[in-house]
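This report is meant for someone meeting the structure for the first time. It begins with a single residue and works outward to the elements around it.

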Amino acid sequence: MNRYERYKDSGIPWLGKVPEHWEIKHINQIFKIHNGATPKTSEPDYWGDEIAWFTPKDLGDNKNKEIAASLKMITKEGYENCGVSLAPAKSIALSKRAPIGHLAITLLPAVVNQGCFLLEVLSPNDVNYLYYWLYANKSTLNSFGQGSTFMELPREKFAMLKISIPPEKEQTAIAHYLDTKLGEINALIDKQQTLLEKLAEQRTAVITHAVTKGLNPAAPMKNSGVEWLGDVPAHWDIKHSNQIFKIHNGATPKTSEPDYWGDEIVWFTPKDLGDNQNKEISTSLKMITKEGYENCGVSLAPAKSIALSKRAPIGHLAITLLPAVVNQGCFLLEVLAPNDVNYLYYWLYANKTTLNSFGQGSTFMELPREKFAMLKISIPPKNEQTSIADYLDQETAKIDRLCETVNQTIGRLKEYRTALITQAVTGKIKVANE
């Protein structure tokens with residue numbers, strides 16, 4: 001790529017050299033910085049559909065460069081009573097905490113809550129260039145964060161942040177170049193994401209077919225008597241979950257008792273299972289002591305049981321590699337002989353949708369023990385269970401390797417995207433004629 005003919009020292013260690021004709025200005029010379037606030041939530045007249053009111057959540061959930069709608073809006077009365085000023089469309093909403101650095105260009109006049117700044121662009125400057133500059137320098141913004149409970153970007157530090165500023169015409173050319181190039185990169189990322197989705201669908205389909213139809217396509221079939229299960233091999237049994245597992249409930253020792261918490265017995269939660277990306281699990285975020293275990297009314301399940309989340313959400317699961325207990329958001333399923341834990345893992349994995357359909361509750365969905373206990377499962381002979389599990393270990397490993405390759409490609413594309421933005425807005429590459 002082209003470089004500019006002459007560079008100068010920016011005077012900023014982390015920025016380095018910039019094109020000679022570029023200026024270095026403080027943020028408060030480029031933007032009018034609008035603070036944010038929240039109208040009283042106890043005043044219903046302050047909340048309505050009149051003025052967009054952006055929060056860090058709105059910015060974090062937004063996947064585009066621009067933003068046009070907020071989850072909540074306020075009324076003119078709410079605006080007049082919360083001490084904020086309205087910024088025009090084509091300002092930049094920037095989260096200053098939880099976390100620092102989410103941003104988007106507003107497409108309508110708006111205000112923000114106290115977790116954001118709203119940056120009104122002062123003439124002559126191009127909002128798109130400034131968006132890309134802030135995007136490329138999120139790590140710098142975070143380095144200015146202060147706080148013990150949570151990190152927050154102070155207004156006075158942000159206002160004095162130095163920014164590299166080309167002439168307006170050049171700003172526009174850089175932004176246009178990045179719009180074009182990033183559109184191409186994002187299209188490639190989207191294709192890879194679509195491939196990941198297809199691989200995930202293929203993985204589920206392979207597992208589902210094996211645990212409901214078996215590996216022998218010529219095997220005689222019979223009606224399972226379960227509508228959503230359909231036909232299964234004629235020699236397979238249909239059994240209830242409580243005929244296959246000893247179902248252990250979960251509980252939480254008193255958090256106020258420090259003697260109940262330690263490094264003796266693993267204690268799995270839905271978060272442990274959700275964060276785990278493998279078929280097996282051996283560690284938990286928190287562990288309990290023998291005393292904690294004896295005082296919370298749970299029973300220890302042996303290694304090679306299945307931990308299954310029954311809420312928040314239903315269906316995360318893993319095979320335990322050591323004796324364990326769970327909290328009240330999980331079941332711990334001790335496999336009864338003669339059955340293969342790996343086959344049963346795959347069966348439950350393939351039937352997460354069914355498990356979720358049994359969920360009940362208004363605040364959150366939870367899988368009731370009595371419904372799970374009566375769940376009907378297709379059960380081949382033990383040796384066939386083992387063959388199916390071995391086959392699925394091999395097939396899912398192939399798909400997982402492909403997924404890893406795709407994820408690496410996505411990672412490289414994202415790194416290239418960030419590097420390209422950084423190089424363009426700091427003048428390390430020349431993308432426009434002077």
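## A lysine in a loop

Lys-65 lies in the loop between helix H2 (56–61) and strand S6. The model described here is a predicted one. Is Lys-65 buried or exposed? Its relative accessibility is 18%, and because buried means under 20% relative accessible area, Lys-65 counts as buried. Leaving out residues up to four places away in sequence, Lys-65 touches Ala-104, Ile-105, Asn-128, Tyr-131, Tyr-132 and Asp-179. With two of these residues there are polar contacts between side chains: one joins Lys-65 to Asn-128 at 2.8 Å, and another joins Lys-65 to Asp-179, also at 2.8 Å.

## The five-stranded sheet and helix H4

Strand S6 belongs to an open sheet of 5 strands, whose order is S4-S11-S8-S9-S6 and whose pairing is mixed. Strand S4 (31–34) and strand S6 (66–67) stand at the edges with a single partner strand each, so one side of each has no neighbour in the sheet. S6 runs parallel to strand S9 (residues 100–106), to which it is joined by 2 bridges, and Ile-67 has Thr-106 in S9 as its bridge partner. Helix H4 packs on this sheet, where it touches S4, strand S8 (92–96), S9 and strand S11 (116–121), and the direction of H4 makes about 165 degrees with that of S9.

Helix H4 covers residues 127–136, and 9 of its 10 residues are buried, so the helix is largely enclosed by the rest of the structure. Among the buried residues of H4 are Asn-128, Tyr-131 and Tyr-132, which are also among the residues that Lys-65 touches. At the N-terminal end, H4 is capped by Asp-126, a side-chain oxygen of which lies 2.8 Å from the backbone nitrogen of Asn-128. In the loop that leads from S11 to H4 lies Pro-124, and the peptide bond from Ser-123 to Pro-124 is cis, with omega near 0 degrees.

## Helix H11 and its packing on H14

Helix H11 (residues 341–350) has 10 of its 10 residues buried, so H11 too is largely enclosed by the rest of the structure. At the start of H11, a side-chain oxygen of Asp-340 reaches to within 2.8 Å of the backbone nitrogen of Asn-342. H11 packs against helix H14 (residues 382–425) at an angle of about 60 degrees, their axes being 8 Å apart, and the crossing of the two helices is left-handed. From H11, the residues Asn-342, Tyr-343 and Tyr-346 meet Gln-385, Ile-388, Ala-389, Leu-392, Asp-393 and Thr-396 of H14. Sorted by kind, the residues of this contact comprise 5 nonpolar, 3 polar and 1 charged.

## A histidine beside a distant stretch of sequence

His-235 is found in the loop between strand S14 (231–233) and strand S15 (237–240), and with a relative accessible area of 43% it is partly exposed. Although His-235 and Pro-380 are 145 residues apart in sequence, their C-alpha atoms are 7.2 Å apart in space. Apart from neighbours within four places in sequence, His-235 is in contact with Pro-381 and Glu-384. The side chains of His-235 and Glu-384 are joined by a polar contact of 2.7 Å, and the side chain of His-235 makes a further polar contact, of 3.4 Å, with the side chain of Trp-236.

## Backbone geometry in the loops

Most residues other than glycine have a negative phi, and most peptide bonds are trans. Besides the cis bond before Pro-124, there is a cis peptide bond from Ala-312 to Pro-313, with omega near -10 degrees, and Pro-313 is in the loop between strand S20 (306–310) and strand S21 (314–320). The table sets out two lysines with positive phi.

| Residue | Phi | Loop | Relative accessible area |
|---|---|---|---|
| Lys-90 | near 70 degrees | between helix H3 (76–80) and S8 | 40%, partly exposed |
| Lys-304 | near 70 degrees | between helix H10 (290–294) and S20 | 41%, partly exposed |

## A three-stranded sheet

Another open sheet has 3 strands in the order S7-S5-S10, with mixed pairing. Its edge strands are S7 (73–74) and S10 (110–112), each of which pairs on one side only. Strand S5 (residues 47–54) pairs with S7 in the antiparallel sense over 3 bridges, and Trp-47 stands opposite Ile-74 in S7.

Definitions and conventions:
Residues numbered from 1 in each chain as written. Predicted model: local features only at pLDDT ≥ 70, side-chain atom pairs only at ≥ 80, totals over all residues. Heavy atoms only, no water. Pairing = 2+ DSSP bridges. Helix = DSSP H or I, 4+ residues; strand = E, 2+ residues; numbered from the N terminus. Axes fitted to C-alpha atoms, helices over the stretch in contact; angles between N-to-C directions. Left-handed = near helix turned anticlockwise from the far one by under 90°. Contact = heavy atoms within 4.5 Å. Nonpolar A, V, L, I, M, F, W, Y, C, P; charged D, E, K, R; others polar. Buried < 20%, exposed > 50% of the residue type's maximum accessible area, 1.4 Å probe, protein only. Polar contact = N/O pair within 3.5 Å; in protein donor to acceptor, adjacent residues only side chain to side chain.
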